[in-house]
There are 2 protein chains.
Amino acid sequence: MRDRASFTLLGSDGDARAGVLSTRRGDIPTPIFMPVGTLGTVKTVSPAEVRACGAQVILGNNYHLYLKPGLEVLEATGGLHRFMNWSGPILTDSGGFQFFSMRHKAKFDDDGVNFRSHHDGDPHRFTPESVIASQRTIGSDIMMVLDECLALPATQKQLEQAMRRTTDWAKRSLAATQPGDGAVFAILQGGSDIALRARHRDELCGLDFDGFALGGLSVGEAPAVMYEVVGATAPTMPADKPRYLMGVGTPQDIVECIARGIDMFDCVMPTRSARHGQAFTRSGRENLRNQTHRLSTEPLDPDCSCEACTNYSRAYLRHLVRAKEHFGFRLLTIHNIRYYLDLVSEARSAIIAGDFAEWRKACFERWDRGRENG
Amino acid sequence: MRDRASFTLLGSDGDARAGVLSTRRGDIPTPIFMPVGTLGTVKTVSPAEVRACGAQVILGNNYHLYLKPGLEVLEATGGLHRFMNWSGPILTDSGGFQFFSMRHKAKFDDDGVNFRSHHDGDPHRFTPESVIASQRTIGSDIMMVLDECLALPATQKQLEQAMRRTTDWAKRSLAATQPGDGAVFAILQGGSDIALRARHRDELCGLDFDGFALGGLSVGEAPAVMYEVVGATAPTMPADKPRYLMGVGTPQDIVECIARGIDMFDCVMPTRSARHGQAFTRSGRENLRNQTHRLSTEPLDPDCSCEACTNYSRAYLRHLVRAKEHFGFRLLTIHNIRYYLDLVSEARSAIIAGDFAEWRKACFERWDRGRENG
């Protein structure tokens with residue numbers, strides 16, 4: 001038997017849910033945001049810092065880790081957890097999304113996908129089975145199945161073919177698991193077509209997965225379209241399994257999708273934005289390069305208790321960002337991750353307290369006020 | 001009165017000395033290595049990490065800080081210590097060395113130096129008095145006088161003119177200090193001419209400075225030449241004042257110059273090398289990009305107790321360096337600073353124990369063995 005994950009629903013408020021996802025490496029309170037650590041490090045920060053931000057689970061990426069450092073290295077060094085010194089749960093994406101991003105270098109067939117490494121152009125092939133095997137080598141606690149993710153808009157025929165393959169591959173993935181493997185999540189496709197999403201839900205949600213993800217969103221469609229698809233689909237997914245919206249999103253997206261029944265999120269936004277000098281705060285976004293911070297002795301966010309906000313002024317952060325000092329990118333990364341995790345933690349408390357709607361309204365009012373003042 | 005630094009000699013072994021330099025922000029055991037934090041951050045590491053490496057004092061740079069973030073920012077935010085969240089002593093270099101590095105953009109006269117910012121080409125002027133004033137704004141605990149540093153080889157006439165100016169400027173610097181200022185160190189020039197060095201020592205060492213530095217070394221001359229100049233000069237400098245060899249050097253240089261009576265060192269080598277994937281260990285240098293580390297579960301240096309060596313394998317460090325991940329550069333920086341500080345700390349213990357010569361011999365034997373095995 002694989003090391004299943006189990007989900008306990010603790011409360012709900014409208015479609016919003018609060019729960020606990022138990023994995024073999026620890027419990028994850030939901031809703032949760034998962035910082036992205038593509039290459040065996042959450043960029044610019046240490047595992048201890050990620051933990052201090054409140055992170056309970058981080059993401060790895062099967063495609064990237066397979067290429068660099070490579071499975072041989074991960075095998076020799078005892079798996080990703082030991083390699084990167086992170087003892088908590090790790091969820092790994094399969095690589096399906098990377099093939100979407102690099103679509104001209106990846107060629108899908110019914111059995112798998114041929115692709116060229118973005119490092120050196122060398123040819124490789126992934127199948128649903130090989131992707132489960134490599135996530136096993138990585139030591140993933142939550143493995144994602146290989147899926148075919150399409151750019152939107154796509155034709156009905158393309159969407160149906162991708163769904164058919166993804167369903168077939170999901171079944172093959174389950175069959176390929178072995179005793180000792182981590183949990184496995186399936187990925188629902190169907191683009192922005194609500195009827196197709198419902199069909200794919202029906203195809204996949206009866207299968208023996210530990211959780212279900214919505215893939216193929218936040219790939220170019222308008223936020224309102226995404227909210228509509230999530231709102232129509234998530235609440236109809238199994239209530240006793242976690243629901244994971246892949247690759248989403250802004251703080252606003254996260255609040256809106258928690259409202260529509262999503263439990264798990266990941267996104268490069270807080271970490272990537274930090275490396276561009278952007279911070280997320282309770283009053284909205286801040287560009288630390290901005291001249292207005294030049295002489296400011298204020299913290300980035302007075303209500304935040306992260307390392308950056310408790311020890312440094314906006315003037316210092318601006319200086320570091322302008323001087324391209326690593327430490328500045330680190331401090332902003334720490335702040336942004338903390339902000340995202342505070343956000344989902346506050347949402348969770350509000351759901352349990354039954355005042356999620358008011359909390360959500362207050363969030364948006366504060367962001368709006370920040371925009372007016374900024 | 002300025003906040004003087006005082007030096008207590010605790011022991012010596014040959015010309016090597018062990019002591020304590022007391023400053024207004026704390027005591028510094030000597031010999032000491034001072035990590036370089038040019039722009040208000042020791043590149044890639046936090047103040048807490050620098051402290052955890054054993055650092056007792058860090059360097060700032062008056063030239064760089066004057067241009068970026070600028071004195072107005074440092075004044076508004078309460079000085080460099082508060083700005084960067086470092087409560088220990090800070091020594092600031094005057095900028096003399098930067099004018100040497102950018103010699104075609106700096107023009108010396110008897111009163112001061114005109115230069116253009118390396119950021120935007122804007123014209124600026126430093127005088128001995130302005131440099132004391134800006135180090136006051138920075139909040140420096142040990143201020144260095146403005147000096148004229150020459151590239152070697154230089155003509156006797158050039159060397160004598162630079163010495164004359166440096167002596168004159170040293171006197172003007174002392175006269176420009178105010179109550180509440182930090183300690184002030186003078187800088188001895190004279191190139192690799194031992195007689196000129198002796199003359200400059202005689203000119204400066206009778207003046208009321210808190211310490212004396214050797215400048216204008218490690219600027220292109222062979223190590224043997226530097227060792228000769230240091231060996232002939234340092235032991236004849238005032239025994240009751242700290243002796244600081246600026247911008248030096250490799251671990252070998254540091255051991256050799258401690259042997260010749262130097263108490264204080266700074267160098268970008270451990271921090272800059274780290275950002276190029278180079279580590280210093282008890283067995284010599286390691287290039288972490290090297291294929292030999294690919295599958296290695298060994299720590300970088302088994303005798304080191306830094307964050308990198310206690311938590312991560314060579315394979316992981318190699319992966320991070322190859323992937324250009326900030327966290328890798330940070331871990332190597334932490335290791336290298338720790339190594340330099342362990343080195344001077346071991347030297348100090350050996351001096352106090354009276355077995356410095358054996359310790360020095362053992363260091364070189366280990367480095368030589370590492371080279372044979374590497």
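Here are some notes on a predicted model with chains A and B, going from domains to helix pairs, a small sheet and the chain contact.

1. Domains of chain A. The assignment splits chain A into domain 1, residues 6-267, and domain 2, residues 274-373. Their centres, taken over C-alpha atoms, are 27 Å apart. Where the two meet, domain 1 of chain A puts in 27 residues and domain 2 of chain A puts in 25.

2. What domain 1 brings to that contact. Five elements of chain A each give at least two residues to the side of domain 1 that touches domain 2: strands S1 (6-13), S2 (16-23) and S4 (32-34), plus helices H1 (47-52) and H9. H9(A) is the top contributor on this side, with six residues. By class, the domain 1 side has 17 nonpolar, six polar and four charged residues.

3. H9 against H13 in chain A. Since H9(A) gives the most to the domain 1 side, its packing deserves a look. Helix H9 (residues 251-259) and helix H13 (residues 326-353) of chain A pack at about 20 degrees, and their axes are 11 Å apart. An angle under 35 degrees counts as roughly parallel, so H9(A) is roughly parallel to H13(A). The crossing is right-handed.

4. Residues in the H9-H13 pair. From H9(A) come A:Pro251, A:Ile254, A:Val255 and A:Ile258, and from H13(A) come A:Tyr340, A:Leu343, A:Val344 and A:Ala347. How does this contact divide by class? It has eight nonpolar residues, with no polar and no charged ones.

5. H6 against H7 in chain A. Here is another helix pair to set beside the last one. Helix H6 (residues 156-176) and helix H7 (residues 194-204) of chain A pack at about 15 degrees, with axes 10 Å apart. That angle makes H6(A) roughly parallel to H7(A). H6(A) also passes H7(A) in a right-handed crossing.

6. Residues in the H6-H7 pair. On the H6(A) side you'll find A:Leu159, A:Met163, A:Thr167 and A:Ala170, which meet A:Leu196, A:His200, A:Glu203 and A:Leu204 of H7(A). The tally for this contact is five nonpolar, two polar and one charged. Put that next to the H9(A)-H13(A) contact, where the polar and charged classes are empty.

7. A three-stranded sheet in chain B. Over in chain B, three strands make an open antiparallel sheet in the order S7-S8-S9. Strands S7 (106-108) and S9 (123-126) of chain B are at the edges with a single partner strand each, so each has one side without a neighbour in the sheet. On average, neighbouring strands are turned by 20 degrees against each other, direction ignored.

8. Pairing of S7 and S8 in chain B. S7(B) and strand S8 (residues 113-116) of chain B pair in the antiparallel sense over three bridges. Which residue in S8(B) is the bridge partner of B:Ala106? That would be B:Phe115.

9. The contact between chains. Chain B and chain A put 31 residues each into their contact. On the chain B side, the elements that give two or more residues are helices H2 (62-76), H3 (80-84), H12 (314-322) and H13 (326-353) of chain B. This side of chain B has 15 nonpolar, 11 polar and five charged residues. A side note on reporting: interface size is often given as the accessible area lost when the parts come together.

Notes. Residues are numbered from 1 along each chain as its sequence is written. Chains are lettered from A and ligands numbered from 1 in the order in which they are written. This is a predicted model: local features need pLDDT of at least 70, side-chain atom pairs count only at pLDDT 80 or more; totals for chains, interfaces and linings use all residues. Axes are lines fitted to C-alpha atoms, for helices over the stretch in contact, and angles run from 0 to 180 degrees between N-to-C directions. Helices (H or I, at least four residues) and strands (E, at least two) are DSSP runs, numbered from the N terminus. Angles under 35 degrees count as roughly parallel, over 145 as roughly antiparallel, 65 to 115 as roughly perpendicular and the rest as oblique. A crossing is left-handed if the near helix is turned anticlockwise from the far one by less than a right angle, and right-handed if clockwise. Two residues are in contact if their C-beta atoms, placed from the backbone, lie within 7 Å. Ala, Val, Leu, Ile, Met, Phe, Trp, Tyr, Cys and Pro count as nonpolar, Asp, Glu, Lys and Arg as charged, and the others, Gly among them, as polar. Two strands pair if DSSP finds at least two bridges between them. Domain bounds come from an automatic or database domain assignment.
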